[in-house]
Amino acid sequence: MKRENLSGRILKDIRPRQSACTTLNWLFEHTLYTLALNPRMPLDDPASWYRLLSPCLVHFSLLHIAFNLVMWEALARPLERRLGRLNLVGLTLVVGVLSNALQYFLMSDLGTFGGLSGVVYGVIGCEAALVKLRPGMSDLVPPWLFTVSLIFIGLGFFLSGIANFCHLGGLAAG
């Protein structure tokens, strides 16, 4: 009689589809919450500082990522044409780190946050500053967009689950 090892018996008992779904779910949640940022994960380890940028890559729903990417593409494209790709990448990285750091250090609850909206607000802030400082760039962004952005940030403080300090930090850093 053949002896079967324990792992072989366990694998036979688990249905393949259920195992794959369970594994994928664990992998997704583990990756999502490793890349997202929350105050329970201290940044005292030098290897963990990547997490100040990684929330820009993490989104919690399809609508969330779709809205952020559409807004970033629509607003960043004119900026890229005027300032160049390298400057846009630099702006994205700097604003991403600064806005996420502000959210991390000022958030009062122990929630987890992620998203590109801090960078989107940073692009809006950069465009508003350029329009104000460089008269030749007045066509870069509609004049009402900065006002509407401030209104939405203000409204965000009355809703739960919104990274308001990230939005403020992005706007200021931009």
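From the N terminus on, the elements of this protein run α-α-α-α-α-α-α, which comes to 7 helices and 0 strands. Helices (H or I, at least four residues) and strands (E, at least two) are DSSP runs, numbered from the N terminus. This is a predicted model, in which local features need pLDDT of at least 70 and side-chain atom pairs count only at pLDDT 80 or more, while totals for chains, interfaces and linings use all residues. Residues are numbered from 1 along each chain as its sequence is written, and side-chain values use heavy atoms, with hydrogens and water left out.

**Exercise 1.** Describe how α3 and α4 cross, and list the residues that meet.

*Solution.* Two packed helices are described by the angle between their axes and the distance between the axes.

Step 1: Take α3 (residues 62-83) and α4 (residues 85-106); their axes come within 7 Å and cross at roughly 130°. Axes are lines fitted to C-alpha atoms, for helices over the stretch in contact, and angles run from 0 to 180 degrees between N-to-C directions.

Step 2: Classify the angle. Under 35 degrees counts as roughly parallel, over 145 as roughly antiparallel, 65 to 115 as roughly perpendicular and the rest as oblique. α3 and α4 are therefore oblique to each other.

Step 3: Add the hand. The crossing of α3 and α4 is right-handed (the near helix is turned clockwise from the far one by less than a right angle).

Step 4: Find the contacts (heavy atoms within 4.5 Å). From α3, Trp 72, Ala 76, Leu 79, Glu 80 and Leu 83 meet Arg 85, Asn 87, Leu 88, Leu 91 and Thr 92 of α4. By class, there are 6 nonpolar, 2 polar and 2 charged residues. Here Ala, Val, Leu, Ile, Met, Phe, Trp, Tyr, Cys and Pro count as nonpolar, Asp, Glu, Lys and Arg as charged, and the others, Gly among them, as polar.

**Exercise 2.** Now do the same for α4 and α5.

*Solution.* Step 1: These axes come within 9 Å and cross at roughly 120°, and the pair is therefore oblique.

Step 2: The crossing of α4 and α5 is right-handed. Leu 91, Thr 92, Val 95, Gly 96 and Ser 99 of α4 make the contact with Gly 118, Val 119, Gly 122, Val 123 and Cys 126 of α5.

Step 3: This contact divides into 5 nonpolar, 5 polar and no charged residues.

**Exercise 3.** Is Gly 115 buried or exposed, and which residues does Gly 115 touch?

*Solution.* Step 1: Locate Gly 115 in the loop between α4 and α5.

Step 2: At 4% relative accessibility, Gly 115 counts as buried (under 20% relative accessible area; exposed is over 50%, partly exposed in between, with a 1.4 Å probe and protein chains only).

Step 3: Leaving out residues up to four places away in sequence, Gly 115 touches Pro 55, Cys 56, Val 58, His 59, His 64 and Asn 68. The C-alpha atoms of Gly 115 and His 59 are 5.1 Å apart, with their places 56 residues apart along the chain.

**Exercise 4.** How many disulfides are there, and why is Cys 56 not bonded to Cys 166?

*Solution.* Step 1: A search of the whole structure finds 0 disulfides (pairs of cysteine sulfur atoms within 2.5 Å).

Step 2: The closest cysteine sulfur to that of Cys 56 is in Cys 166, at 6.9 Å, too far for a bond.

Step 3: Check burial. Cys 56 is buried at 10% relative accessible area. In α7 (residues 164-173), the buried residues include Cys 166, and the buried residues of α7 pack against α4, α5 (117-133) and α6 (145-156).
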